[in-house]
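Open the model in your viewer and keep the sequence panel beside it. The stops below say what to select next and what is there.

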Amino acid sequence: MSLPLFDTPALPPHTLDDGAVLLRGWAAAQEDAWVAAVRSVAAQAAFRTMVRPGGAALSVAMTNCGDWGWVSDAQRYSYSSTDPRTGLPWPAMPAFMFEQAVAAAQAAGYGGYAPDACLMNRYQPGARLTLHRDEDEMDWHAPIVSVSLGLPCTFLWGGLTRQSPVRRVPLMHGDVLVWGGATRMAYHGVNPLKDGRHHLLGAERWNLTFRMAKRYYDSGAAPAAAH
Ligand SMILES: O=C(O)CCC(=O)C(=O)O
Ligand SMILES: [Fe+2]
């Protein structure tokens, strides 16, 4: 009989800020299921680079699953129920991903989470995300659940204004960061990805952010059922 060995054991929740909880290594035990779920989505809606308002391309390649997908074009940022590349609905959120996001939110103290959108980011060396807030969702009470896979990155955790001091937080394979409540609208970003080799993802980092884009959050609700 062999016992499972995990190179990144899950650690107790760590409070990063008021409302922000880091679950180190939380997703590592199910890494194969995470990678398979992302690949199944990407097979239906490929990672692509999007253009930002103003016209510059984002360096991170993106796709989505769920009822709504975050999209950017030369005019604006928005959520769309269809993939602008194909006109088809975004792939359904795999039940595994939904259940894990609900469980991670719960572990961070947020009951009643029911994400209807998952933005999937693929970073290759040099790709970065400048400081921003996640503000295109209808309900700013619902937390963001962010799952990191593959190469490590330096995540930038700021405050409620662009001028707030920024902390550098390493995010590793399997880490899950949940932010809501008082810091739901905190500025955050990702430094340019350093080159490296990950045993599952090679020279890539994947990040998944679960959101309640259109649905309203009721933290007093019973835990949401998988769909
Ligand atoms: O890649 C990350 O860790 C953060 C992603 C992010 O901030 C976003 O998708 O809005
Ligand atoms: Fe973000």
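In which sense do strand S3 and strand S4 pair, and over how many bridges? Select residues 48–51 for S3 and residues 57–66 for S4: the pairing is antiparallel, over three bridges. Strands pair here if DSSP finds at least two bridges between them. Strands (E, at least two residues) and helices (H or I, at least four) are DSSP runs, numbered from the N terminus.

A word on the ground rules. This is a predicted model, in which local features need pLDDT of at least 70, side-chain atom pairs count only at pLDDT 80 or more, and totals for chains, interfaces and linings use all residues. Residues are numbered from 1 along each chain as its sequence is written, while chains are lettered from A and ligands numbered from 1 in the order in which they are written.

**Two hairpins**

Stay on S3 and S4. They form a hairpin with five residues between them. Click glycine 54 in the turn: its phi is positive, about 105 degrees. Then select threonine 49 and alanine 61, which are bridge partners, with alanine 61 in S4.

Next, select strand S5 (residues 69–72) and strand S6 (residues 77–80). They pair in the antiparallel sense over four bridges. Four residues lie between them in this hairpin. Valine 71 has serine 78 of S6 as its bridge partner.

**Along S4 to S7**

Go back to S4 and pick threonine 63, which sits in this strand. Is threonine 63 buried or exposed? Threonine 63 counts as buried because it has 24 C-beta neighbours inside 10 Å. The scale: 20 or more other C-beta atoms within 10 Å is buried, 12 or fewer is exposed, and in between is partly exposed, with C-beta atoms placed from the backbone.

Show its contacts, meaning residues whose C-beta atoms, placed from the backbone, lie within 7 Å. Setting aside residues up to four places away in sequence, threonine 63 touches Val41, Ala42, Ala45, Ala46, Phe47, Arg48 and Met120. For a distance check, try histidine 132: it is 69 residues from threonine 63 in sequence and 18 Å away, C-alpha to C-alpha.

Now add S7. S4 and S7 run antiparallel and are joined by six bridges. Asparagine 64 has leucine 119 in S7 as its bridge partner.

Arginine 122 is in S7 too. Arginine 122 counts as buried because 21 other C-beta atoms lie within 10 Å. Beyond four places in sequence, arginine 122 is in contact with Phe47, Val60, Ala61, Glu204 and Trp206.

**The nonpolar core**

Select Ala101, Ala104, Ala105, Cys118, Val145, Val176 and Val178. These have the most contacts inside the largest nonpolar core, which has 60 residues. Such a core is a set of buried Ala, Val, Leu, Ile, Met, Phe, Trp, Tyr and Cys residues joined through C-beta atoms within 7 Å. Which helix gives the most to this core? Helix H2 (residues 95–107) does, with six residues.

Zoom in on alanine 105. Not counting residues up to four places away in sequence, alanine 105 touches Tyr110, Tyr113, Pro143, Val145 and Val178.

**Around ligand 1**

Which residues surround ligand 1? Select Leu119, Asn121, Leu129, Asp134, Ser146, Ser148, Phe155, Leu171, His188, Val190, Asn207 and Thr209. The cut-off is a C-beta atom, placed from the backbone, within 6 Å of the molecule.

Stay with leucine 171, in strand S11 (residues 167–171). Leucine 171 counts as buried because it has 23 C-beta neighbours inside 10 Å. Leucine 171 touches Ser148, Pro152, Cys153, Phe155 and Leu177, leaving out residues up to four places away in sequence.

**Last stop**

Finish with residues 114–214. Over this stretch the chain is 0% helix and 42% strand. The end C-alpha atoms are 11 Å apart.

Key:
Contact = placed C-beta atoms within 7 Å.
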